[in-house]
Amino acid sequence: MRISRLTPWAAGLAAVALVAVPAAASAGQQVAAAPPAPGTAPAAADAYDAYYAPAEGKTGAALKAALHDVVKTQSRISYDGVWNALKATDEDPANPNNVILLYSGRSQSKSSNGGGANDWNREHVWAKSHGGFGTATGPGTDLHHLRPEDVSVNSTRGNKDFDMGGSPVSEAPGSLTDADSFEPRDAVKGDVARMLLYMAVRYDGGDGFADLEMNDRVNNGSAPLFGRISLLKQWNRMDPPDAFEQRRNQLIFDVYQHNRNPFIDHPEWVDSIW
């Protein structure tokens, strides 16, 4: 069985050079093989046909439900454990001593994490107040939406939904913000979309947490909702997964959580569901 990822809008993905890796362990098991080096992509998506077998032939709500059943089986890490995990998942391909900050795009020393003005901290892309899960083990520590970011930029982003426009964000070139929304730089717009959409699939009201869902609004406040879905779908198309994002997904699967973000492996599924 093979599920093709080469839909017309995503044909450009075929140009990405993919490096084979050993067959992945089943969810909940850690593999012995070393993760791919920073800057290299893991195996093609069809290497995970068995993992995604329940999604075969499905669309819409049925596909969303099938993918939830696939990705809900995972290992969990503590919020303190997120620090060291991000130092591996977001390592700068050009400098193993640094991480790449999500919105800023800056390469910064791994050891400069903390709460100081120029430190980096743990950005919840799905803001933890949207559903009230805080830093609880589960959605609050899920690496698929946690990224390193400059402390002041993280504060500026706050719990805003994602939209276009606003004023430039200091220390985050290409990012914009206004009173009720945040626009990330172009190079990570697709990353942001796929992280949010993963969260909406993974957390459906089970595990004692809120049912996270997408909508097409901003100002969602503390509701377990995030927007704007129409724009996030555009971002998914305009900024397809690159080697950094693919390697990150692989490392989370192999070493930490043992589940995958399906929209990195199959970005065409975004339009099939929403």
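The following exchange works through the cores, salt bridges, covered helix and sheets of a predicted model.

Student: Which conventions apply to residue numbers and to the values in this model?
Tutor: Residues are numbered from 1 along each chain as its sequence is written, and side-chain values use heavy atoms, with hydrogens and water left out. Since the model is predicted, local features need pLDDT of at least 70 and side-chain atom pairs count only at pLDDT 80 or more, while totals for chains, interfaces and linings use all residues.

Student: Which helix gives the most residues to the largest nonpolar core?
Tutor: A nonpolar core is a set of buried Ala, Val, Leu, Ile, Met, Phe, Trp, Tyr and Cys residues joined through side-chain atoms within 4.5 Å, where buried means under 20% relative accessible area, exposed over 50% and partly exposed in between, with a 1.4 Å probe and protein chains only. The largest core has 43 residues, of which Leu67, Tyr103, Trp126, Phe162, Leu196 and Met214 touch the most other members. At least two residues each come from α1 (60-71), α4 (189-202), α5 (229-238) and α8 (269-273), helices being DSSP runs of H or I with at least four residues and strands runs of E with at least two, numbered from the N terminus. The helix that gives the most, with nine residues, is α4.

Student: How many residues make up the second, separate core?
Tutor: Among its members are Ile77, Tyr79, Val82 and Ile252. The size of this second core is 12 residues.

Student: Why does the salt bridge of glutamate 123 and arginine 157 tie together parts that are apart in sequence?
Tutor: A salt bridge is a side-chain nitrogen of Lys or Arg within 4 Å of a carboxyl oxygen of Asp or Glu, and here the closest N and O atoms are 2.9 Å apart. Glutamate 123 counts as buried at 1% relative accessibility, and arginine 157 is buried with a relative accessible area of 0%. Glutamate 123 lies in strand β4 (residues 120-124) and arginine 157 in helix α3 (residues 151-157), so the parts tied together have a separation in sequence of 34 residues.

Student: In the salt bridge of aspartate 186 with lysine 189, how far apart are the closest N and O atoms?
Tutor: Aspartate 186 counts as partly exposed at 48% relative accessibility, whereas lysine 189 counts as buried at 1%. The closest N and O atoms of this pair are apart by 2.7 Å.

Student: How many of the residues of helix α2 are buried?
Tutor: Helix α2 (residues 79-89) is mostly covered, and its buried residues include Tyr79, Val82, Trp83 and Leu86. What covers the buried residues includes β1 (91-92), β2 (95-100), β4, β5 (146-150) and α6 (243-256). Of the 11 residues in α2, the number buried is eight.

Student: Which strands stand at the edges of the four-strand sheet?
Tutor: Two strands pair if DSSP finds at least two bridges between them, and the open sheet has the order β6-β9-β8-β7 with mixed pairing. Three bridges join β7 to β8 (residues 172-177), and these strands run antiparallel. Each edge strand has a single partner, so one side of each is left without a neighbour in the sheet; the edges are β6 (161-162) and β7 (167-169).

Student: Which residue in β3 is the bridge partner of valine 99?
Tutor: The three-strand open sheet has the order β1-β2-β3 with antiparallel pairing, and β3 (107-109) is one of its edge strands. Three bridges pair β2 with β3, and in β3 the bridge partner of valine 99 is glutamine 108.

Conventions: Contact means heavy atoms within 4.5 Å.
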